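Visitor: Please take me on a close look at one part of this protein. I would like to see what lies around that part, and then how other pieces fit together.

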Amino acid sequence: MSYFGENLKRIREERKLSQQELALRARLGTKTIEKYESDLQIPDTQTILKLSTVLDIPASELMEREMKGHHTPAGIDAEMEQLIKELGPKRTKLILRKAKEFSEEDFLRVMQMLYELKYETQES
């Protein structure tokens, strides 16, 4: 089963693009985008790469199953799933990649800074 059409539509909508806008930017026909999103047609590799460039997303993410319960890794609880959904996979990956580079001391300092930003801004 292909998840391409489902992913293409979801990502296009996240980017707030219409099918017509995506078709224009990718130099494809609107009917072609409609066929891809409804899984009536699967694009060739070059077209997948073109769409991934236009949408600013790795081509592999267009092809893989989405996180929505399709293949939740073991150990991820419901709160974590919700946070990933709210932030989006791209932002979540970016945050986690940076966080793993921090020492425990760095991490605590960053958390303190975030706390101060949030609550000092609200007091003002």
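Guide: Let's begin with a word we need: a helix here is a DSSP run of type H or I with at least four residues, and helices are numbered from the N terminus. Please keep in mind that what you see is a predicted model. The protein has eight helices and zero strands, and from the N terminus on its elements read α-α-α-α-α-α-α-α.

Our close look is at G5, which sits in helix α1, residues 4-14. Is G5 buried or exposed? G5 counts as buried because its relative accessible area is 0%, and buried means under 20%. Across the whole protein, 24% of the 124 residues are buried.

What touches G5, if we set aside its neighbours within four places in sequence? The partners are Y36, E37 and D39. Take E37 as an example: along the sequence, G5 and E37 are 32 residues apart, yet their C-alpha atoms lie 3.8 Å from each other in space. You can look at this pair beside a figure for the whole protein: among contacts between residues at least 6 apart in sequence, 55% join residues at least 24 apart.

Now widen the view to the rest of α1. Its buried residues are F4, G5, N7, L8, R10, I11 and R12. As you follow them along the helix, one idea is handy: an α-helix has 3.6 residues a turn, so residues three or four places apart point the same way. The buried residues of α1 pack against α2, α3 (30-37), α4 and α5. Just past the end of α1, K16 has a positive phi of about 60 degrees.

Two of those partners, α2 and α4, also pack against each other. To describe two packed helices, we give the angle between their axes and the distance between the axes. For α2 (residues 19-26) and α4 (residues 45-55), the angle is about 115 degrees and the axes are 9 Å apart. The two are therefore roughly perpendicular to each other. The crossing of α2 past α4 is right-handed. On the α2 side, L22, R25 and A26 make the contact, and on the α4 side K50, L51, V54 and L55 do. Sorted by class, this contact has five nonpolar, no polar and two charged residues.

From another partner, α5, we can pick out a residue that leads back to α1. E61 lies in helix α5, residues 59-63. E61 is buried, because its relative accessible area is 15%, and the cut-off is under 20%. Leaving out residues up to four places away in sequence, E61 touches N7 and K93. You have already met N7 among the buried residues of α1. The side chains of E61 and K93 are joined by a polar contact of 3.0 Å.

K93 takes us to our final stop, the pair α6 (residues 78-87) and α7 (residues 89-99). Their axes come within 6 Å and cross at roughly 110 degrees, so α6 and α7 are roughly perpendicular to each other. The contact uses L83, I84 and L87 of α6 together with P89, R91, T92 and I95 of α7. Here the residues divide into five nonpolar, one polar and one charged.

Terms used. Residues are numbered from 1 along each chain as its sequence is written. This is a predicted model: local features need pLDDT of at least 70, side-chain atom pairs count only at pLDDT 80 or more; totals for chains, interfaces and linings use all residues. Side-chain values use heavy atoms; hydrogens and water are left out. Axes are lines fitted to C-alpha atoms, for helices over the stretch in contact, and angles run from 0 to 180 degrees between N-to-C directions. Angles under 35 degrees count as roughly parallel, over 145 as roughly antiparallel, 65 to 115 as roughly perpendicular and the rest as oblique. Contact means heavy atoms within 4.5 Å. Ala, Val, Leu, Ile, Met, Phe, Trp, Tyr, Cys and Pro count as nonpolar, Asp, Glu, Lys and Arg as charged, and the others, Gly among them, as polar. Buried means under 20% relative accessible area, exposed over 50%, partly exposed in between (1.4 Å probe, protein chains only). A polar contact is a pair of N or O atoms within 3.5 Å; within protein, one must be able to donate a hydrogen and the other to accept it, and residues adjacent in sequence count only if both atoms are side-chain atoms. A crossing is left-handed if the near helix is turned anticlockwise from the far one by less than a right angle, and right-handed if clockwise.
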